[in-house]
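These are my notebook entries on one structure. I record below what I looked up, entry by entry.

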Amino acid sequence: MGKVHKNCQSCGMPLARDEQGGGTERNGDRSKTYCSHCYENGVFTLPDLTVDQMKDRVKQKLVEFGFPKFLTGFFTRNIPKLERWSK
């Protein structure tokens, strides 16, 4: 059985906060690794995205959700260490 993660291994979002309950694998099972925003039907929704582009996207979303802009760097600093980007 695969490892279960608490956060999406692409964007870092807590999987418990994913309104869809996680991304989906090709067979329709819920992904235990990636959220529904990053992963559908066994593939990444934005396959050509770079790690820096992901950090910028997450920072933008955090600001939209009301996080102070100066904190966004703190919340996105570990994105390059996530499974998708550390390969």
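**Entry 1. The buried side of α1.** I began with the packing of helix α1 in this predicted model. The buried residues of α1 pack against α2, which comprises residues 69-76. I then listed those buried residues and found Met54, Val58 and Leu62. They lie on the same side of α1, because the arc they cover around the axis is only 75°. On the face turned away from this buried side I noted the exposed residues Asp52 and Glu64.

**Entry 2. The length of α1.** I next checked whether the span of α1 agrees with its residue count. The helix runs over residues 51-64, that is 14 residues, and at 1.5 Å a residue the expected span is 20 Å. The C-alpha atoms at its ends are 20 Å apart, so the expectation and the model agree. Just beyond the helix I looked at Gly66, which has a positive phi of about 95°.

**Entry 3. The crossing of α1 and α2.** How do the two helix axes meet, and at roughly what angle do they cross? I recorded that the axes of α1 and α2 come within 9 Å and that the crossing angle is roughly 135°. An angle over 145 degrees would count as roughly antiparallel, and one of 65 to 115 as roughly perpendicular. The two helices are therefore oblique to each other. I entered the hand of the crossing as right-handed. On the α1 side the contact is made by Lys55, Val58, Lys59, Leu62 and Val63. On the α2 side I listed Lys69, Thr72, Gly73, Phe75 and Thr76.

**Entry 4. Two residues of α2.** I selected Thr76 and Phe70 for a closer look. Thr76 is found in helix α2. Is Thr76 buried or exposed? Its relative accessible area is 0%, so I classed Thr76 as buried, the cut-off being under 20%. Setting aside residues up to four places away in sequence, I found that Thr76 touches Lys55, Val58, Lys59 and Leu62. Each of these four is also listed among the α1 residues that make the contact with α2.

Phe70 also has its place in helix α2. I entered Phe70 as exposed, because its relative accessible area is 68% and the cut-off is over 50%. I also looked up its separation from Lys59, a residue eleven places away along the chain. The C-alpha atoms of Phe70 and Lys59 are separated by 9.8 Å.

**Entry 5. The segment before β1.** I then turned to Lys3 and Gly12. Lys3 lies in the segment before β1. With a relative accessibility of 64%, Lys3 counts as exposed. Which residues does Lys3 contact, leaving aside its neighbours within four places in sequence? I found Lys32 and Thr33. Lys3 and Lys32 are 29 residues apart in sequence, and I noted a C-alpha to C-alpha distance of 7.5 Å.

Gly12 is placed in the segment before β1, the strand of residues 39-40. I classed Gly12 as partly exposed, because its relative accessible area is 27%. Beyond its neighbours within four places in sequence, Gly12 is in contact with Asn7 and Leu82. I also took the C-alpha separation of Gly12 and Ser36, which are 24 residues apart along the chain, and obtained 12 Å.

**Entry 6. A backbone angle at Asn41.** Where is Asn41 placed? I located Asn41 in the loop between β1 and β2, the latter being residues 43-44. Its phi is near 55°, a positive value in a residue other than glycine. I entered this angle for the record because most residues other than glycine have a negative phi.

Methods. Residues numbered from 1 in each chain as written. Predicted model: local features only at pLDDT ≥ 70, side-chain atom pairs only at ≥ 80, totals over all residues. Heavy atoms only, no water. Expected span 1.5 Å × (residues − 1). Buried < 20%, exposed > 50% of the residue type's maximum accessible area, 1.4 Å probe, protein only. Arc of directions from axis to C-beta. Contact = heavy atoms within 4.5 Å. Axes fitted to C-alpha atoms, helices over the stretch in contact; angles between N-to-C directions. Parallel < 35°, antiparallel > 145°, perpendicular 65-115°, else oblique. Left-handed = near helix turned anticlockwise from the far one by under 90°.
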